[in-house]
Amino acid sequence: MPELPEVETIRRGLAKKIVGKTIAGIEVRRTKSWQGNKQLVIGKKIIDVKRRAKILLIQLHGGEAELMIHLKMTGQLIYNMEQLPHKYTRAIIQFSDGAVLFFNDLRLFGWIKVVKIEDLAEELKIFSGVEPLSKKFTASYLIQVLGATKRAIKLVLMDQKKIAGIGNIYANEALFCARIDPRQPAKNIVINQPKKLVKLHFCIVKILRQAIKYRGTTSSDEAFRDVGGKRGQMQKHLLVYGKKGEACSNCGGIIKWVKLGGRGTFFCPDCQK
């Protein structure tokens, strides 16, 4: 699933391509992939593209409604590519200058939704946590959040009502960077290893910024693409995610895999305590 760095990569790409354009038409090829009244946005000029956690928000002139986009597992937003549409194209946004934005989704979990401004806050409640690249995300805030629960620390990092935007890939990477076992109860680390949490804060920010620099992670499923259809490059720099059975880059031990909260979790049992 695209996480903060992937969605931010797409946001930046879209902002360069579609801000200032007017939506001339919308073709919905799969009704499950489009929610809301498309007539509220047809004829409207795009004034900005923003991101909240893993959600894209396309802001329109007039302030009546916005387009909210969640890519989920395999969603893509591809601009003006000649070989599209194809069988996985679920919606097409046409602009008055002839340009086109394709929404593709292999597994049909993603969606585009027309949201009235007065309903926006309610729609975003699930992503109410602090943005990890904002000034509000301090080491003190992280310690406060982790100290309030005995859930496994990795699951807390992925809780969008606590920290908005971190998913499976970067939770694995940040915990490896901080040498913390992802299975450890969060409160126990606050009590017994508080210095590690200062390091974890540093690692979260560093890794997310690095992932944005490399334009996101395109995993083995090949799902993630930027708006030009190009792969991300962060997968070349991951140290633990997807490395089951490989040697740990820190200590030479063997990377292990377990399921935690229904998600695959990669860690080195020798150096993550």
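This tour moves from the whole chain to one helix, then to three places in loops, and ends at a pocket.

**The whole chain.** Begin with everything shown, and keep in mind that this is a predicted model. The protein has seven helices and 11 strands, and its C-alpha atoms fill a box of roughly 60 × 40 × 30 Å along the principal axes. A compact globule of 273 residues would have a radius of gyration near 19 Å, and the 20 Å of the protein therefore agrees with that expectation. If you colour by burial, 52% of the 273 residues should appear as buried, while the exposed surface comes to about 12,600 Å², of which carbon and sulfur atoms supply 50%. Among contacts between residues at least 6 apart in sequence, 64% join residues at least 24 apart.

**Helix α5.** Next, select residues 168-178, which form helix α5, a mostly covered element in which 11 of the 11 residues are buried. The buried residues include N168, N172 and E173 as well as I169, L175 and F176. To see what covers them, add α1 (4-18), α4 (153-157), α7 (194-213) and β11 (263-267), against which the buried residues of α5 pack.

**Backbone details in the loops.** Stay at the end of this helix and select R179, which comes just after α5 and takes a positive phi of about 60°. R179 lies in the loop between α5 and α6 (186-192), and because its relative accessible area is 24%, it counts as partly exposed. Most residues other than glycine have a negative phi, and most peptide bonds are trans.

Move then to K72, a residue other than glycine whose phi is also positive, near 50°. K72 sits in the loop between β5 (65-70) and β6, and is partly exposed, with a relative accessible area of 27%.

From there, go on to P85, in the loop between β6 (75-79) and β7 (89-95), and look at the peptide bond that joins L84 to P85, which is cis, with omega near 5°.

**The largest pocket.** For the last stop, select M1, I169, S219, D221 and Y241, which are the closest to the centre of the largest pocket among the 25 residues that line it. This pocket holds about 490 Å³ of space, and its lining divides into eight nonpolar, 10 polar and seven charged residues. Here I169, one of the buried residues of α5, comes into view again as one of the residues closest to the pocket centre.

How values were computed:
Residues numbered from 1 in each chain as written. Predicted model: local features only at pLDDT ≥ 70, side-chain atom pairs only at ≥ 80, totals over all residues. Heavy atoms only, no water. 1 Å grid on protein atoms, 1.4 Å probe; cavity = no way out; pocket = protein on both sides within 12 Å on 5 of 7 lines; lining within 4 Å. Points joined across faces, edges and corners; volume = space filled by probe spheres on them. Nonpolar A, V, L, I, M, F, W, Y, C, P; charged D, E, K, R; others polar. Helix = DSSP H or I, 4+ residues; strand = E, 2+ residues; numbered from the N terminus. Rg over C-alpha atoms; globule rule 2.2 N^0.38 Å. Buried < 20%, exposed > 50% of the residue type's maximum accessible area, 1.4 Å probe, protein only. Contact = heavy atoms within 4.5 Å. Areas by Shrake-Rupley, 256 points an atom, 1.4 Å probe, with all protein chains shown as cover.
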